[in-house]
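Student: I've just opened this structure and I'm not sure where to start. Can we go through it together, one bit at a time?

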Amino acid sequence: MNSFLRPAVPGEEQTQDQAQDQTRDQAQGQAQGQAQGQTHDRSTVGRYRPISTHLAIAPPVSVVIPAMNEAENLPYVFKTLPRWIHEVVLVDGNSTDDTVRVARELWPDVKVVEQLGKGKGDALITGFKACTGDIIVMVDADGSADGHEIVSYVSALVSGADFAKGSRFANGGGTDDMTPVRKLGNWALCTVVNRKFGARYTDLCYGYNAFWRHCLDEIDLDCTGFEVETLMNIRVVKAGLRVQEIPSHEYLRIHGASNLRAVRDGLRVLRVILKERSNRRSLRRRPRVAALDSRLKDVS
Ligand SMILES: Nc1nc2c(ncn2[C@@H]2O[C@H](COP(=O)(O)OP(=O)(O)O)[C@@H](O)[C@H]2O)c(=O)[nH]1
Ligand SMILES: [Mg+2]
(Lines give C-alpha, C1' and ligand atoms only; values in the text may rest on other atoms or scores of the structure.)
(Ligands and ions follow the chains in the order given, each with its own letter.)
Protein backbone atom coordinates (compact mmCIF):
# COMPACT_ATOMS: atom_id res chain seq x y z
CA MET A 1 0.00 0.00 0.00
CA ASN A 2 1.49 3.29 -1.07
CA SER A 3 0.60 5.89 1.55
CA PHE A 4 1.54 8.82 -0.57
CA LEU A 5 -0.69 8.51 -3.60
CA ARG A 6 -2.45 11.58 -4.96
CA PRO A 7 -6.19 11.24 -4.23
CA ALA A 8 -7.73 9.60 -7.27
CA VAL A 9 -9.92 11.55 -9.65
CA PRO A 10 -13.42 10.07 -9.75
CA GLY A 11 -13.84 7.86 -12.78
CA GLU A 12 -10.11 7.28 -13.09
CA GLU A 13 -7.77 4.70 -11.59
CA GLN A 14 -10.19 1.86 -12.16
CA THR A 15 -7.36 -0.62 -12.12
CA GLN A 16 -6.09 0.59 -8.78
CA ASP A 17 -9.57 0.19 -7.34
CA GLN A 18 -9.88 -3.29 -8.74
CA ALA A 19 -6.48 -4.17 -7.34
CA GLN A 20 -7.60 -2.92 -3.93
CA ASP A 21 -10.74 -5.03 -4.09
CA GLN A 22 -8.66 -8.07 -5.01
CA THR A 23 -6.20 -7.35 -2.22
CA ARG A 24 -9.09 -7.00 0.19
CA ASP A 25 -10.61 -10.29 -0.88
CA GLN A 26 -7.26 -12.05 -0.52
CA ALA A 27 -6.72 -10.48 2.88
CA GLN A 28 -10.20 -11.55 3.96
CA GLY A 29 -9.47 -15.10 2.93
CA GLN A 30 -6.15 -15.07 4.75
CA ALA A 31 -7.60 -13.54 7.89
CA GLN A 32 -10.46 -16.04 7.95
CA GLY A 33 -8.00 -18.86 7.37
CA GLN A 34 -5.87 -17.65 10.23
CA ALA A 35 -8.83 -17.13 12.51
CA GLN A 36 -9.97 -20.68 11.83
CA GLY A 37 -6.48 -22.07 12.38
CA GLN A 38 -5.49 -24.19 15.33
CA THR A 39 -3.62 -21.48 17.17
CA HIS A 40 -6.58 -19.07 17.46
CA ASP A 41 -9.60 -19.17 19.70
CA ARG A 42 -12.69 -19.84 17.55
CA SER A 43 -14.63 -17.11 19.39
CA THR A 44 -12.63 -14.50 17.45
CA VAL A 45 -13.80 -15.76 14.04
CA GLY A 46 -15.59 -13.01 12.12
CA ARG A 47 -14.57 -10.24 14.50
CA TYR A 48 -11.64 -9.10 12.42
CA ARG A 49 -11.85 -7.02 9.28
CA PRO A 50 -8.86 -7.00 6.94
CA ILE A 51 -7.44 -3.54 6.33
CA SER A 52 -4.40 -4.63 4.32
CA THR A 53 -2.82 -7.84 3.11
CA HIS A 54 -1.00 -8.15 6.44
CA LEU A 55 -3.40 -6.77 9.00
CA ALA A 56 -6.95 -7.46 10.18
CA ILE A 57 -8.42 -5.44 13.05
CA ALA A 58 -11.34 -5.80 15.43
CA PRO A 59 -12.13 -2.17 16.45
CA PRO A 60 -14.62 -0.29 14.26
CA VAL A 61 -13.19 2.87 12.68
CA SER A 62 -15.21 6.10 12.33
CA VAL A 63 -14.12 8.87 9.99
CA VAL A 64 -15.17 12.44 10.82
CA ILE A 65 -15.23 14.98 8.01
CA PRO A 66 -15.87 18.66 8.81
CA ALA A 67 -17.21 20.28 5.67
CA MET A 68 -18.30 23.77 4.79
CA ASN A 69 -19.16 24.29 1.13
CA GLU A 70 -17.05 21.40 -0.13
CA ALA A 71 -19.48 19.82 -2.62
CA GLU A 72 -16.96 19.98 -5.45
CA ASN A 73 -14.20 18.38 -3.38
CA LEU A 74 -16.16 15.56 -1.78
CA PRO A 75 -15.92 13.18 -4.79
CA TYR A 76 -12.14 13.22 -4.42
CA VAL A 77 -12.32 12.71 -0.67
CA PHE A 78 -14.77 9.79 -0.69
CA LYS A 79 -12.97 8.12 -3.58
CA THR A 80 -9.92 7.48 -1.41
CA LEU A 81 -11.74 6.29 1.74
CA PRO A 82 -11.22 2.58 2.40
CA ARG A 83 -14.39 0.52 2.29
CA TRP A 84 -13.59 -1.30 5.51
CA ILE A 85 -14.34 1.77 7.65
CA HIS A 86 -17.30 1.39 9.95
CA GLU A 87 -18.92 4.81 9.41
CA VAL A 88 -18.43 8.26 7.94
CA VAL A 89 -19.70 11.22 9.96
CA LEU A 90 -19.90 14.42 7.92
CA VAL A 91 -20.36 17.60 9.96
CA ASP A 92 -21.98 20.20 7.80
CA GLY A 93 -21.13 23.81 8.66
CA ASN A 94 -24.36 25.26 7.25
CA SER A 95 -23.13 24.84 3.70
CA THR A 96 -24.91 26.87 1.05
CA ASP A 97 -23.85 24.53 -1.75
CA ASP A 98 -24.75 20.86 -2.33
CA THR A 99 -22.33 19.44 0.25
CA VAL A 100 -24.94 17.30 2.01
CA ARG A 101 -26.64 16.01 -1.14
CA VAL A 102 -23.32 15.11 -2.76
CA ALA A 103 -22.12 13.34 0.40
CA ARG A 104 -25.30 11.24 0.52
CA GLU A 105 -24.96 10.35 -3.14
CA LEU A 106 -21.33 9.30 -2.78
CA TRP A 107 -21.67 7.40 0.50
CA PRO A 108 -25.31 6.40 1.05
CA ASP A 109 -24.69 5.39 4.68
CA VAL A 110 -23.03 8.68 5.60
CA LYS A 111 -24.18 10.11 8.92
CA VAL A 112 -24.77 13.83 8.37
CA VAL A 113 -24.67 16.01 11.46
CA GLU A 114 -25.68 19.65 11.28
CA GLN A 115 -23.36 21.93 13.16
CA LEU A 116 -25.11 24.30 15.57
CA GLY A 117 -22.11 26.53 16.38
CA LYS A 118 -19.35 27.89 14.16
CA GLY A 119 -15.76 26.95 13.34
CA LYS A 120 -13.77 23.80 12.57
CA GLY A 121 -13.20 23.03 16.26
CA ASP A 122 -16.90 23.18 16.98
CA ALA A 123 -17.55 20.95 13.94
CA LEU A 124 -15.06 18.31 15.07
CA ILE A 125 -16.33 18.23 18.64
CA THR A 126 -19.87 17.78 17.28
CA GLY A 127 -18.66 15.01 14.96
CA PHE A 128 -16.75 13.15 17.66
CA LYS A 129 -19.91 12.97 19.78
CA ALA A 130 -21.77 11.34 16.89
CA CYS A 131 -19.16 8.62 16.33
CA THR A 132 -19.82 5.05 17.41
CA GLY A 133 -16.44 3.55 16.45
CA ASP A 134 -13.60 2.75 18.86
CA ILE A 135 -11.13 4.53 16.59
CA ILE A 136 -11.82 8.01 15.23
CA VAL A 137 -10.04 9.49 12.20
CA MET A 138 -10.22 13.20 11.28
CA VAL A 139 -10.19 13.91 7.53
CA ASP A 140 -10.57 17.31 5.84
CA ALA A 141 -13.11 17.68 3.05
CA ASP A 142 -11.06 19.85 0.70
CA GLY A 143 -9.29 16.98 -1.09
CA SER A 144 -5.99 17.64 0.71
CA ALA A 145 -6.00 14.36 2.65
CA ASP A 146 -5.49 10.97 1.07
CA GLY A 147 -7.77 8.34 2.60
CA HIS A 148 -5.30 5.61 1.62
CA GLU A 149 -3.16 6.82 4.52
CA ILE A 150 -5.81 5.84 7.09
CA VAL A 151 -4.35 2.35 7.24
CA SER A 152 -1.05 3.81 8.54
CA TYR A 153 -2.84 5.71 11.29
CA VAL A 154 -4.94 2.73 12.31
CA SER A 155 -1.91 0.42 12.27
CA ALA A 156 -0.13 2.70 14.74
CA LEU A 157 -3.17 2.72 17.03
CA VAL A 158 -3.67 -1.04 17.06
CA SER A 159 0.06 -1.41 17.68
CA GLY A 160 -0.10 0.53 20.95
CA ALA A 161 -0.38 4.27 20.27
CA ASP A 162 -3.24 6.23 21.84
CA PHE A 163 -3.03 9.10 19.38
CA ALA A 164 -1.72 8.90 15.79
CA LYS A 165 -0.75 12.40 14.80
CA GLY A 166 -0.24 13.25 11.14
CA SER A 167 2.91 15.14 10.26
CA ARG A 168 3.79 16.83 7.00
CA PHE A 169 7.36 17.35 8.18
CA ALA A 170 8.23 13.88 9.43
CA ASN A 171 10.32 11.77 7.06
CA GLY A 172 8.05 10.68 4.23
CA GLY A 173 5.51 13.46 4.74
CA GLY A 174 5.02 16.62 2.70
CA THR A 175 2.75 19.48 1.79
CA ASP A 176 1.63 21.17 -1.42
CA ASP A 177 -0.84 23.39 0.37
CA MET A 178 1.18 25.63 2.72
CA THR A 179 2.41 29.10 1.91
CA PRO A 180 5.88 30.06 3.22
CA VAL A 181 4.19 32.25 5.87
CA ARG A 182 2.09 29.34 7.11
CA LYS A 183 5.14 27.07 7.16
CA LEU A 184 7.09 29.58 9.21
CA GLY A 185 4.22 30.17 11.62
CA ASN A 186 3.62 26.44 12.05
CA TRP A 187 7.30 25.81 12.70
CA ALA A 188 7.53 28.64 15.28
CA LEU A 189 4.39 27.54 17.13
CA CYS A 190 5.51 23.90 17.02
CA THR A 191 8.88 24.88 18.52
CA VAL A 192 7.12 26.72 21.36
CA VAL A 193 4.90 23.72 22.08
CA ASN A 194 7.88 21.36 22.10
CA ARG A 195 9.78 23.59 24.52
CA LYS A 196 6.88 24.33 26.83
CA PHE A 197 5.28 20.91 26.99
CA GLY A 198 8.20 18.56 26.42
CA ALA A 199 6.80 17.27 23.13
CA ARG A 200 8.88 16.21 20.13
CA TYR A 201 6.51 17.14 17.35
CA THR A 202 7.59 17.91 13.81
CA ASP A 203 4.22 19.48 12.92
CA LEU A 204 1.52 21.25 14.91
CA CYS A 205 -1.41 22.70 12.97
CA TYR A 206 -2.45 19.71 10.88
CA GLY A 207 -5.92 18.26 10.68
CA TYR A 208 -5.21 14.63 9.74
CA ASN A 209 -5.08 12.64 12.99
CA ALA A 210 -6.59 9.51 14.49
CA PHE A 211 -7.10 8.31 18.04
CA TRP A 212 -8.83 5.83 20.31
CA ARG A 213 -12.17 7.12 21.54
CA HIS A 214 -10.97 7.02 25.19
CA CYS A 215 -8.65 9.97 24.41
CA LEU A 216 -11.67 12.27 24.24
CA ASP A 217 -12.37 11.75 27.95
CA GLU A 218 -8.81 12.70 28.76
CA ILE A 219 -8.46 15.80 26.58
CA ASP A 220 -11.92 17.26 27.14
CA LEU A 221 -11.98 19.58 24.10
CA ASP A 222 -13.41 23.07 24.51
CA CYS A 223 -12.65 25.35 21.58
CA THR A 224 -14.30 26.44 18.37
CA GLY A 225 -11.80 27.35 15.65
CA PHE A 226 -8.72 26.11 13.82
CA GLU A 227 -6.82 26.03 17.14
CA VAL A 228 -8.50 22.68 17.79
CA GLU A 229 -5.60 20.63 16.42
CA THR A 230 -3.09 22.47 18.60
CA LEU A 231 -5.29 22.01 21.64
CA MET A 232 -5.51 18.27 20.97
CA ASN A 233 -1.76 17.99 20.45
CA ILE A 234 -1.03 19.78 23.71
CA ARG A 235 -3.59 17.97 25.79
CA VAL A 236 -2.54 14.49 24.68
CA VAL A 237 0.96 15.28 25.91
CA LYS A 238 -0.35 16.75 29.17
CA ALA A 239 -2.46 13.64 29.70
CA GLY A 240 0.57 11.40 29.21
CA LEU A 241 -0.96 9.61 26.23
CA ARG A 242 1.22 7.70 23.81
CA VAL A 243 1.54 9.79 20.64
CA GLN A 244 2.99 8.48 17.40
CA GLU A 245 3.61 10.74 14.42
CA ILE A 246 2.52 9.42 11.04
CA PRO A 247 4.20 10.89 7.93
CA SER A 248 1.44 12.36 5.81
CA HIS A 249 1.24 14.23 2.54
CA GLU A 250 -1.08 17.22 2.36
CA TYR A 251 -2.21 17.83 -1.21
CA LEU A 252 -3.42 21.07 -2.65
CA ARG A 253 -7.03 21.96 -1.84
CA ILE A 254 -8.77 21.08 -5.12
CA HIS A 255 -11.59 23.65 -5.38
CA GLY A 256 -12.27 26.79 -3.38
CA ALA A 257 -10.12 28.69 -0.90
CA SER A 258 -8.92 27.92 2.61
CA ASN A 259 -11.08 29.20 5.44
CA LEU A 260 -7.98 29.74 7.58
CA ARG A 261 -6.53 33.21 8.01
CA ALA A 262 -2.88 32.94 8.92
CA VAL A 263 -2.59 35.91 11.29
CA ARG A 264 -6.00 35.68 12.96
CA ASP A 265 -5.81 31.92 13.43
CA GLY A 266 -2.11 31.97 14.31
CA LEU A 267 -2.92 34.31 17.17
CA ARG A 268 -5.73 32.02 18.31
CA VAL A 269 -3.27 29.12 18.35
CA LEU A 270 -0.77 31.17 20.35
CA ARG A 271 -3.46 32.10 22.85
CA VAL A 272 -4.30 28.41 23.32
CA ILE A 273 -0.63 27.57 23.90
CA LEU A 274 -0.26 30.29 26.55
CA LYS A 275 -3.51 29.33 28.24
CA GLU A 276 -2.59 25.66 28.37
CA ARG A 277 0.81 26.57 29.76
CA SER A 278 -0.63 28.64 32.59
CA ASN A 279 -3.32 26.08 33.27
CA ARG A 280 -1.39 23.22 34.80
CA ARG A 281 -4.36 21.37 36.25
CA SER A 282 -3.82 18.40 33.97
CA LEU A 283 -0.75 16.22 33.58
CA ARG A 284 -3.01 13.38 34.63
CA ARG A 285 -0.53 10.66 33.82
CA ARG A 286 -2.34 7.34 33.57
CA PRO A 287 -0.72 4.12 34.64
CA ARG A 288 0.09 2.66 31.22
CA VAL A 289 -0.17 -0.94 32.34
CA ALA A 290 -3.77 -0.46 33.48
CA ALA A 291 -4.69 1.12 30.14
CA LEU A 292 -3.10 -1.72 28.21
CA ASP A 293 -4.73 -4.32 30.43
CA SER A 294 -8.19 -2.93 29.77
CA ARG A 295 -7.57 -3.00 26.03
CA LEU A 296 -6.24 -6.54 26.08
CA LYS A 297 -9.33 -7.67 27.99
CA ASP A 298 -11.38 -6.75 24.91
CA VAL A 299 -9.51 -9.17 22.69
CA SER A 300 -9.24 -12.10 25.08
N1 LIG B 1 -18.32 22.06 9.46
C2 LIG B 1 -17.35 22.98 9.33
N3 LIG B 1 -16.24 22.69 8.64
C4 LIG B 1 -15.28 23.64 8.54
C5 LIG B 1 -15.39 24.91 9.13
N6 LIG B 1 -14.25 25.61 8.86
C7 LIG B 1 -13.48 24.81 8.09
N8 LIG B 1 -14.09 23.61 7.91
C9 LIG B 1 -13.60 22.44 7.19
O10 LIG B 1 -12.35 22.09 7.76
C11 LIG B 1 -11.49 21.58 6.74
C12 LIG B 1 -10.19 22.39 6.73
O13 LIG B 1 -10.48 23.71 6.38
P14 LIG B 1 -9.64 24.55 5.33
O15 LIG B 1 -10.45 25.75 4.97
O16 LIG B 1 -9.21 23.67 4.20
O17 LIG B 1 -8.39 25.02 6.18
P18 LIG B 1 -6.86 24.66 5.99
O19 LIG B 1 -6.80 23.20 5.61
O20 LIG B 1 -6.24 24.95 7.30
O21 LIG B 1 -6.38 25.56 4.88
C22 LIG B 1 -12.27 21.67 5.44
O23 LIG B 1 -12.85 20.41 5.20
C24 LIG B 1 -13.34 22.72 5.73
O25 LIG B 1 -14.50 22.54 4.95
C26 LIG B 1 -16.60 25.19 9.87
O27 LIG B 1 -16.79 26.27 10.44
N28 LIG B 1 -17.53 24.19 9.94
MG1 LIG C 1 -7.30 22.60 3.70
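Tutor: Sure, and let's settle one term before anything else: two strands pair if DSSP finds at least two bridges between them. Also keep in mind that this is a predicted model.

Student: Okay, then which residue of β9 is the bridge partner of Ile136?

Tutor: Ile136 belongs to strand β6, residues 135-138. That strand pairs with β9 (residues 209-212) in the antiparallel sense, over 4 bridges. Look across from Ile136 into β9, and the partner is Phe211.

Student: And which residue of β6 is the bridge partner of Val63?

Tutor: Val63 takes us to β3, which runs from 61 to 67. β3 and β6 pair in the parallel sense, again with 4 bridges. The partner of Val63 in β6 is Val137.

Student: Which residues of β6 point the other way from Ile135 and Val137?

Tutor: In a regular strand the side chains alternate between the two faces of the sheet. In β6, Ile135 and Val137 share one direction, and all four residues of the strand that we're discussing are buried. Pointing the other way are Ile136 and Met138.

Student: Which strands sit at the edges of the sheet?

Tutor: The sheet is open and has 7 strands with mixed pairing, in the order β5-β4-β3-β6-β9-β7-β10. On average, neighbouring strands are turned by 20 degrees against each other, direction ignored. An edge strand pairs on one side only, and that holds for β5 (111-114) and β10 (243-247).

Student: At the β10 end, which residue stands opposite Gly166?

Tutor: The neighbour of β10 to look at is β7, residues 163-167. These two strands pair in the parallel sense over 5 bridges. Opposite Gly166, in β10, you'll find Ile246.

Student: Let's turn to the helices. At what angle do the axes of α6 and α9 cross?

Tutor: Two packed helices are described by the angle between their axes and the distance between the axes. For α6 (residues 180-197) and α9 (residues 262-278), the axes come within 11 Å. The helices are roughly parallel to each other, because angles under 35 degrees count as roughly parallel. The crossing angle is roughly 0 degrees.

Student: How many nonpolar residues are in the contact of α6 with α9?

Tutor: On the α6 side, the contact includes Val181, Leu189 and Val192, and on the α9 side it includes Val269, Leu270 and Ile273. There are also 2 polar and 3 charged residues, with Arg182 of α6 and Arg277 of α9 among the contact residues. The nonpolar count is 8.

Student: How many residues of helix α8 are buried?

Tutor: The helix covers residues 228-238. Even charged-looking names turn up in the buried list, including Glu229, Arg235 and Lys238. The helix is largely enclosed by the rest of the structure, because the buried count is 11 of the 11 residues.

Student: Which residue just after α8 takes a positive phi?

Tutor: Find the end of α8 and step just past it. The phi there is about 75 degrees, and the residue is Gly240.

Student: Now two loop residues: is Asp220 buried or exposed?

Tutor: Asp220 is in the loop between α7 (214-219) and α8. Its phi is positive, about 45 degrees, although Asp220 is not a glycine. A residue with 12 or fewer C-beta neighbours within 10 Å counts as exposed. Asp220 has 10 of them inside 10 Å, so the label is exposed.

Student: And where does Ile51 fall, buried or exposed?

Tutor: Ile51 lies in the loop between β1 (49-50) and β2 (56-57). Beyond its sequence neighbours, Ile51 touches Ala56, Ile57, Pro82, Trp84, Val151 and Val154. Pro82 is 31 residues away along the chain, yet the two C-alpha atoms are separated by 8.2 Å. With 22 other C-beta atoms within 10 Å, Ile51 is buried.

Student: Last one: how many residues surround ligand 1?

Tutor: The closest are Gly93, Ala123, Ala141, Ser258 and Asn259. β3, β4 (87-92) and α4 (120-130) each supply at least two residues of the shell. By class, the shell has 8 nonpolar, 6 polar and 7 charged residues. The number surrounding ligand 1 is 21.

Notes: Residues are numbered from 1 along each chain as its sequence is written. Chains are lettered from A and ligands numbered from 1 in the order in which they are written. This is a predicted model: local features need pLDDT of at least 70, side-chain atom pairs count only at pLDDT 80 or more; totals for chains, interfaces and linings use all residues. A residue is near a molecule or strand if its C-beta atom, placed from the backbone, lies within 6 Å of it. Ala, Val, Leu, Ile, Met, Phe, Trp, Tyr, Cys and Pro count as nonpolar, Asp, Glu, Lys and Arg as charged, and the others, Gly among them, as polar. A residue is buried if 20 or more other C-beta atoms lie within 10 Å of its own, exposed if 12 or fewer, and partly exposed in between; C-beta atoms are placed from the backbone. Axes are lines fitted to C-alpha atoms, for helices over the stretch in contact, and angles run from 0 to 180 degrees between N-to-C directions. Angles under 35 degrees count as roughly parallel, over 145 as roughly antiparallel, 65 to 115 as roughly perpendicular and the rest as oblique. Two residues are in contact if their C-beta atoms, placed from the backbone, lie within 7 Å. Lists of a residue's contacts leave out its neighbours within four places in sequence.
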